[in-house]
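Hi,

Here is the structure I promised to pass on. Have a look at it first, then read my notes underneath.

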Amino acid sequence: MKNMIVGQSGGPTAVINGSLYGVVSEGFKHPESIEHVYGMINGIEGFLSNQIMDMHPLLKNGDLELIRTTPGSYLGSCRYKLPEDLNNPVYPELFQKFEDYNIGYFFYIGGNDSMDTVSKLSRYAAKIQSPIRVIGVPKTIDNDLVETDHTPGFGSAAKFVATTVREIAIDASVYDNKKSVTIVEIMGRHAGWLTAASALARKFEGDNPVLIYLPEVAFNQEDFLEKVKKALETTPNLVVCVSEGINDGNGTFICEFASDVGVDTFGHKMLTGSGKYLENLIKEKLGVKVRSVELNVSQRCSSSCLSKTDLDEADHSGAFAVNAALNGETGKMISFVRTNTSPYELSFSTADVNIICNQEKAVPLSWITKDASDVTDEFIRYAAPLIQGSVDVPTENGLPLFAFRK
């Protein structure tokens with residue numbers, strides 16, 4: 001008999017707790033193999049400080065079901081990077097803690113950097129011939145993990161983006177006596193999947209957002225101004241969607257033209273302000289009314305736009321991870337395999353985490369129009385199935401009822 005432990009890492013999503021629910025609930029279904037189910041508080045960093053919790057009381061008090069529709073990371077998160085050198089003393093310290101808690105199964109729910117943690121732990125386990133099985137469960141609204149059709153969190157974030165952009169477009173259209181531009185800045189550092197999802201907001205051909213800019217293609221400011229000027233001739237209340245990571249193609253983010261940006265613990269630039277920069281550019285060069293809207297963290301924490309497809313897949317991927325570990329797999333990430341698009345069908349598999357971590361999947365250039373200001377119908381066909389279905393989130397006194405650690 002061994003115990004299992006699960007943690008969450010990186011930026012949350014609206015369904016990261018759906019994956020947690022899947023892992024924990026499936027763990028409870030195997031008492032013949034799993035004696036205790038533990039949770040790491042604040043990921044691997046918290047585990048190093050012995051911050052763990054027993055998950056069994058959640059089953060008894062009903063909170064486990066509530067967790068499923070709670071956004072954010074119920075167990076808390078971290079952005080802790082394990083050392084590249086597997087000879088670093090942190091590794092024997094970690095594996096001694098695994099032994100102390102009799103951990104046989106380790107699950108980590110996260111994105112690119114989290115899969116880096118899964119890779120390092122599984123490689124160290126192989127090095128010392130530890131029997132512990134290490135499995136990654138994908139999540140990220142950025143949808144930029146390789147070896148998987150898409151990631152849990154993207155569908156709900158895409159639904160939120162499309163819904164919000166449609167609402168913004170309706171709001172912008174109420175005045176038609178003056179030309180105006182609304183710029184919507186959407187998350188996406190190097191991959192523009194989420195910004196591309198704004199195309200789902202359109203009700204008919206030529207509808208807002210008329211212009212969509214992704215970081216996969218170099219952004220030319222003069223060309224942008226010309227396109228805005230031309231679009232205003234037919235769409236006086238223009239909506240433009242841009243990724244936070246749009247860049248000049250030479251390594252400089254557009255937001256850096258306005259100010260310097262800091263970096264996080266992984267060395268990633270902390271991007272913000274692309275929309276504001278373009279707002280000032282249009283105001284100065286075209287002299288029309290313009291505003292910018294930064295969707296920011298609302299994209300990843302909104303429970304009001306949960307995609308049922310996304311939540312169900314997050315749940316099932318967590319359960320699949322437990323069964324993969326019980327079947328002897330380790331050093332793997334759960335992979336989503338699309339078997340059909342119309343009607344939409346999906347299956348689950350596993351992929352080698354060592355070829356996934358520290359890689360980024362960009363939007364295919366063939367899904368971006370040649371003038372780099374829109375996405376093609378092929379992207380629409382890809383993304384539309386992922387936003388389908390609604391979820392009834394429990395409420396109390398008219399507001400959503402969420403689980404939280406006391």
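Below is what I found, starting with a sheet and ending with one lysine.

Keep in mind that this is a predicted model, where local features need pLDDT of at least 70, side-chain atom pairs count only at pLDDT 80 or more, and totals for chains, interfaces and linings use all residues. Residues are numbered from 1 along each chain as its sequence is written, and side-chain values use heavy atoms, with hydrogens and water left out.

The sheet is open and has seven strands in the order S3-S2-S1-S4-S5-S10-S11, with mixed pairing. (Strands are DSSP runs of E, at least two residues, and helices are runs of H or I, at least four, numbered from the N terminus; two strands pair if DSSP finds at least two bridges between them.) At the edges sit S3 (52-54) and S11 (344-352), each pairing on one side only.

Inside the sheet, S4 (residues 103-110) and S5 (residues 133-138) run parallel and are joined by six bridges. For tyrosine 105, the bridge partner in S5 is arginine 133.

Now the lysine: lysine 159 belongs to helix H7 (residues 154-172). Lysine 159 is buried (under 20% relative accessible area, 1.4 Å probe, protein chains only). What about a salt bridge (a Lys or Arg side-chain nitrogen within 4 Å of an Asp or Glu carboxyl oxygen)? Lysine 159 has none, and the nearest side chain of opposite charge, aspartate 310, is 9.7 Å away. A polar atom of the lysine 159 side chain does lie 2.7 Å from the backbone oxygen of glycine 389.

Cheers

How values were computed:
Buried < 20%, exposed > 50% of the residue type's maximum accessible area, 1.4 Å probe, protein only. Lys, Arg positive; Asp, Glu negative; His and termini not counted. Polar contact = N/O pair within 3.5 Å; in protein donor to acceptor, adjacent residues only side chain to side chain.
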